Amino acid sequence: MILSSRIETPIGPLVLLAREGILLMLEFDDGGPRIKREMTARFGSVEHQPTEDPFGLASRVRAYFAGDLPAIDGIETDGGGTEFQRRVWAELRRIPTSVTISYGELARRLGDVKATRAVGLANGRNPIAVVVPCHRVIGADGSLTGYGGGVDRKRWLLVHEGALLDV
C-alpha cells in the first residue's frame, strides 16, 4: 500500500508518496498530472491511502521547511528511474546543504564531463523534490537554470539553505 500526504510549505503544497518507510515521490501539488503519470508508469493502477504523516516522513519535511535543514538527511528514497538517473540522483544527495554545483561539475563527479546534457535531463526527471536536492544544481555561469517547481521556488530553497543571499 502506498501512503500519501499533502504538506503545506512556504512555497506551496507538496504531495508525498511513500511505501514501507521509503519516500517514492515528493512533488509540488501543481505537478498533479506528473504525479499520476509517474506513479502509474511505475506501479500500475495502485491505490494510495491518504494519511497525515506516513512513516514520519511528512514531519521531517515540515521540520526542514521550519529551519531544521538536516531533518531530511538520511530519508531513504526510491525514485525508480534508469540506472543512470539513479546514479545522478544519488550524487545529488551528496551535495551538502548551502552548496551549489554546475551541471558540468555534476557530470564530472559521475566520471563523464561530456554527459552534462544527460545529467541535466536526469536532474529534470527527479521525482523527489527537496530531499533529492536537484535545486542545488545551477548553470555554469551561476544562473538559476530551470527547476521543475519553478525558478522562484529554486531561489527560495537556495536562500533557505544559505546557498544564496536573499536578493
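**View 1. Residue classes around the largest pocket.** By class, five charged, seven nonpolar and eight polar residues make up the lining of the largest pocket. The model shown here is predicted. The pocket's volume is about 260 Å³. Its lining counts 20 residues.

**View 2. The centre of the largest pocket.** Which lining residues are closest to the centre of the largest pocket? They are R34, G124, Y147, G148 and G149. Three of these names are glycines, written with a G: G124, G148 and G149.

**View 3. Elements and domains around the largest pocket.** One strand, β3 (22-28), supplies at least two residues of the lining. The helices α5 (116-124) and α6 (151-161) each do so as well. Both domains take part: domain 1 (2-66) and domain 2 (83-161) each give at least three residues to the lining of the largest pocket.

**View 4. The second largest pocket.** This pocket holds about 210 Å³ of space. Its lining includes I2, V15 and L17. Also in the lining are I35, K36, M39, T40 and F43. G44, S45, V46 and H48 complete the list.

**View 5. What builds the second largest pocket.** Which elements give two or more residues to its lining? They are the strand β2 (14-19) and the helix α1 (32-43). Helix α1 provides the largest share, with five residues. By class, the lining of the second largest pocket has seven nonpolar residues, four polar and one charged.

Key: Residues numbered from 1 in each chain as written. Predicted model: local features only at pLDDT ≥ 70, side-chain atom pairs only at ≥ 80, totals over all residues. Heavy atoms only, no water. 1 Å grid on protein atoms, 1.4 Å probe; cavity = no way out; pocket = protein on both sides within 12 Å on 5 of 7 lines; lining within 4 Å. Points joined across faces, edges and corners; volume = space filled by probe spheres on them. Helix = DSSP H or I, 4+ residues; strand = E, 2+ residues; numbered from the N terminus. Nonpolar A, V, L, I, M, F, W, Y, C, P; charged D, E, K, R; others polar. Domains from an automatic or database assignment.
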